[in-house]
Amino acid sequence: MTTPNLFIVGPPRSGTTSLIEWLAEHPQIARPELKEPMFHALDLATPHRVTDRDAYLEMYRDLSDAKYAVDATPWYLYSKAAAESIHAMAPQARIIVNLRNPVQVLSSLHARHVFVGLEPELDFESAVFGGPQQDDPTEFRRCLDYLAVGRFGEQAARFTSLFPREQVHFVAMRDMAQRPRQ
């Protein structure tokens, strides 16, 4: 059974969907049907997280011909548990941290949450500086601290402290947009 060995860790709204689609065009890179299994985000409550290890690995069973099997879950960057969980399962894994201007990330994330009905606060500034809404602590996005989402330095440090520098690659969204083939 194939274990994922290439992780795209976000943040959300920073081009992870485009990046995985471009990478999946390469003959040595494969991805499962589910883009964001959230398996390693053990500390984040979401109804869509794959929680069973066997079910998670089963997603990669038919990808054994590829050199790299990708898990593209943007929320792994925000998660305080994901880096350690990924390292425990795949210490030789490659990590891609794709980044975008934090203000653009937060604005886009807020707009997306408003659009899909997860964010009751329509005003961006009030949502960001008003802190998380603790209505239901089991609903991840209602408990979201927008400002914490934008702390990329401390989040990336969780990965760079566990994985050798040559296994962690940083990509700026603007570079992907301007030079996608590179």
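Analyst: Two rings of Phe, Tyr or Trp form an aromatic pair if their centres lie within 6.5 Å. Please keep in mind that the structure above is a predicted model.

User: How many aromatic pairs does the structure hold?

Analyst: There are five aromatic pairs in the structure. In general, two values describe such a pair, namely the distance of the ring centres and the angle of the planes. One of the pairs consists of Phe-39 and Tyr-56, with 4.3 Å from centre to centre and 10° between the planes. Planes under 30 degrees apart count as stacked, and the pair of Phe-39 and Tyr-56 is accordingly stacked.

User: Which parts of the chain does the pair of Phe-39 and Tyr-56 tie together?

Analyst: Phe-39 belongs to the loop between S2 and H2, whereas Tyr-56 belongs to helix H2, so the pair ties together parts that are 17 residues apart in sequence.

User: Is Tyr-56 buried or exposed?

Analyst: A residue is buried if its relative accessible area is under 20%. Tyr-56 is buried because its value is 0%, and Phe-39 is buried because its value is 8%. A second stacked pair has its ring centres 6.5 Å apart and its planes at 20°; the partners are Phe-159 and Phe-163. Both Phe-159 and Phe-163 are buried.

User: Which residues form one aromatic cluster?

Analyst: Phe-39 and Tyr-56 are joined by Tyr-60 in one aromatic cluster.

User: I should now like to read the charged side chains. How many salt bridges are there?

Analyst: Side chains of opposite charge can pair when their charged atoms come close. The count here is four salt bridges. One of them joins the side chains of Glu-21 and Arg-31, with 2.5 Å from N to O.

User: Where in the chain do Glu-21 and Arg-31 lie?

Analyst: Glu-21 is part of helix H1 (residues 16–24), while Arg-31 is in the loop between strand S2 (29–30) and helix H2 (53–58). The two are 10 residues apart, and their pair links distant parts of the chain. Glu-21 is partly exposed, at 39% relative accessibility, and Arg-31 is also partly exposed, at 22%.

User: What is found for the salt bridge of Glu-36 and Lys-35?

Analyst: The side chains of Glu-36 and Lys-35 meet at 2.7 Å, N to O. Glu-36 is partly exposed, with a relative accessible area of 27%. Lys-35, at 13%, counts as buried.

User: Which residues do salt bridges with shared partners join into one network?

Analyst: Consider first the salt bridge of Arg-61 and Asp-62, whose closest N and O atoms are 3.2 Å apart. Arg-61 is partly exposed, at 42% relative accessible area, and Asp-62 counts as exposed, at 59%. Through shared partners, salt bridges join Arg-61 and Asp-62 with Glu-58 into one network.

User: In what order do the strands of the sheet stand?

Analyst: A sheet is read strand by strand. In this structure, five strands make an open sheet in the order S2-S3-S1-S4-S5, and the pairing is parallel. S2 and strand S5 (168–172) are at the edges with a single partner strand each, so one side of each has no neighbour in the sheet.

User: How many bridges pair S2 with strand S3?

Analyst: S2 pairs with strand S3 (residues 68–72) over two bridges, in the parallel sense. Ile-29 stands opposite Tyr-68 in S3.

User: Which strands does helix H8 touch?

Analyst: Helix H8 (residues 152–160) packs on the sheet and touches strand S4 (94–99) as well as S5. The direction of H8 makes about 150° with that of S5.

Note on methods
Residues are numbered from 1 along each chain as its sequence is written. This is a predicted model: local features need pLDDT of at least 70, side-chain atom pairs count only at pLDDT 80 or more; totals for chains, interfaces and linings use all residues. Side-chain values use heavy atoms; hydrogens and water are left out. Helices (H or I, at least four residues) and strands (E, at least two) are DSSP runs, numbered from the N terminus. Buried means under 20% relative accessible area, exposed over 50%, partly exposed in between (1.4 Å probe, protein chains only). Rings of Phe, Tyr and Trp (its six-membered ring) pair if their centres lie within 6.5 Å; planes under 30 degrees apart count as stacked, over 60 as edge-to-face and the rest as tilted. Two strands pair if DSSP finds at least two bridges between them. Contact means heavy atoms within 4.5 Å. Axes are lines fitted to C-alpha atoms, for helices over the stretch in contact, and angles run from 0 to 180 degrees between N-to-C directions.
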